[in-house]
Amino acid sequence: MISEELAFRDSPVHRIDPRVRLVFALLLCFATALSGSFAAPLLALGSAMGLIVLSCLPLSAVARRLVPVNIFMLFLWLVLPFTHVGEPAFTVMSLAASKPGIEIAALVTLKANAIVLFMVALVSTMSVAALGHAAHRLYFPQKLVHLLLLTYRYVFVLESEYRQLVRAAKMRSFVPASNLHTYKTYSYLAGMLLVRAHARARRVHQAMVCRGFSGVYHCLDSFAFRKADLAWIALLSLFLLAMAGVSFNYGGLGDFFRGQALPFAG
Amino acid sequence: MHISEGILSPAVLAVGWTAAATGIAIGTRKLDADSMARAGILSAAFFVASLIHVPMGFTSVHLILNGLVGLLLGWAAFPAIFTAIALQAVFFQFGGLTTLGVNTTLMALPAVLCHYAFKSAVVSNKPRLVVAGAFGCGFFAVGLAATIFGAALFATGEAFFQAAVITVAAHVPVMAIEGLITVFCIQFLLRVDPEMLPK
């Protein structure tokens, strides 16, 4: 089931103004993604873990959210050290693992986990409704915000329709296997989902028109900026400045400004 | 198919965001008061369809259906796919925030291209042409997406060349399955609600 298990809780992080969380999530994620050395991502991972602790999220749920990214990282660890030429670090069954390959895999893993943790701590701690309204207040394109909120609203409805269709198929003794019948069944299932979505869209549109919808979506949510938010802005800015500082002094950003390419950018 | 956070170089991320922003700008311009509900709810339907896992030999793959999104929505596929991918990032941490641009482009650009390449075949009244067009739509939408995926990895650094090749190769069976599923899906829509398909 789709759920926002991390959003509806209470902690110091959950109480930060969603606008502040969204802006700093963007800044911190990009700062981490753009760094080319080990220093800044290490700092990022540390601060992200700190935020996770402060957000009082169940660690098992956080760990589950690190799985998809680390499956891809595992794939990179299996490929990069053996395909990247360079000084060999060790050999496995006459395959040499190169040091630069291991370095790139380690750097990428570090950055990926830091970014995902920032995202979990700052964005997944708010409902998508709050996210959409925060984006609206921050002057994101109005139609895009409306589309996001509409999609969010109907994702849960369509998911329950999907479960209903799957139940109906099971009642008719449908057992999935790698054959044409299975693919046909799933296609019809997806097709039925689309047909129902389309019919629903027509009714929703009519209901919207009945209520005077003319293309402009009004967000009525108002956010209250508290004194504690100022402290959070200061703290999160400190993380950013520290990351900028270390990347300037220990490669990456400094090299970038001195006209050298980032070390792993080819 | 999502590129994870932390891998791509700043230049590739920037190109991804630029392409996505351009596509979204064109797409949202085509969205008016009348088509908004349809785009939003179809976007939700594709999000849910991506939860469907179909068996493939010893493993299973989830449906992507970006060719079908493109066929039904045209340029509006860009904002619709963007919102669906953003929700996947928030709900499940698939893909991510910085790679949202690249991930949107790699799904939506093939979707729009397939819309223009295969639309006339799919809505023609020759059944064989419909099958060929629908298969091409599903097949190439995923194939192009995998190619962009590989190109983004390769453009980040030559170190990723083999990883890129493996990723693209791994998607060949997925392309075939998506092609098949798109054929059945379109045949279903033609029988049940032909008005859904573009004119």
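Two residues are taken to be in contact if their C-beta atoms, placed from the backbone, lie within 7 Å. On that basis, in this predicted model, the contact between the two chains draws 71 residues from chain A and 64 residues from chain B.

## The interface between the chains

On the side of chain A that touches chain B, the elements giving two or more residues are α1 (18-34), α3 (59-83), α4 (99-122), α5 (128-137), α6 (142-171) and α7 (180-210) of chain A. The largest share comes from α7(A), with 18 residues. By class, this side of chain A consists of 50 nonpolar, 15 polar and six charged residues.

One helix pair across the interface can be described in detail. The axes of α6(A) and helix α4 (residues 77-92) of chain B come within 10 Å and cross at roughly 60 degrees. The two helices, α6(A) and α4(B), are therefore oblique to each other. The crossing in which α6(A) passes α4(B) is right-handed. From α6(A), the residues that make this contact are A:L144, A:L147, A:L148, A:T151, A:Y152 and A:V155, and from α4(B) they are B:P79, B:T83, B:A84, B:A86 and B:L87. Nine of the residues in the contact of α6(A) with α4(B) are nonpolar, two are polar and none is charged.

## Helix packing within chain A

Helix α6(A) also packs against α7(A), at an angle of about 145 degrees and with the axes 10 Å apart. The crossing of α6(A) and α7(A) is right-handed. On the α6(A) side the contact is made by A:L158, A:E161, A:Y162, A:L165 and A:A169, while α7(A) supplies A:T185, A:L189, A:M192, A:L193, A:R196 and A:A197. The class count for the contact of α6(A) with α7(A) is eight nonpolar, one polar and two charged residues.

## Domains of chain A

Chain A is divided into domain 1 (18-128 + 224-257) and domain 2 (132-210). Their C-alpha centres lie 33 Å apart. Where the domains touch, five residues of domain 1 of chain A are in contact with six residues of domain 2 of chain A. On the domain 1 side, α1(A) gives the largest share, four residues. That side of domain 1 has four nonpolar residues, no polar residues and one charged residue.

## Strand pairs

Each chain has an antiparallel strand pair that is set out below.

| Strands | Bridges | Opposite residues | Positive phi |
|---|---|---|---|
| β1 (residues 88-92) and β2 (residues 95-98) of chain A | four | A:P88 and A:S98 | A:M93, near 50 degrees |
| β1 (residues 53-56) and β2 (residues 59-62) of chain B | four | B:V54 and B:V61 | B:G57, near 60 degrees |

In chain A, the hairpin of β1(A) and β2(A) has two residues between the strands. In chain B, the hairpin of β1(B) and β2(B) likewise has two residues between the strands. In a regular strand the side chains alternate between the two faces of the sheet.

## Summary of α6(A)

Helix α6(A) takes part in both of the helix packings described here: with α7(A) in chain A and with α4(B) in chain B. The contact with α7(A) includes two charged residues, whereas the contact with α4(B) has no charged residues.

Conventions: Residues numbered from 1 in each chain as written. Chains lettered and ligands numbered in written order. Predicted model: local features only at pLDDT ≥ 70, side-chain atom pairs only at ≥ 80, totals over all residues. Nonpolar A, V, L, I, M, F, W, Y, C, P; charged D, E, K, R; others polar. Pairing = 2+ DSSP bridges. Domains from an automatic or database assignment. Axes fitted to C-alpha atoms, helices over the stretch in contact; angles between N-to-C directions. Left-handed = near helix turned anticlockwise from the far one by under 90°. Parallel < 35°, antiparallel > 145°, perpendicular 65-115°, else oblique.
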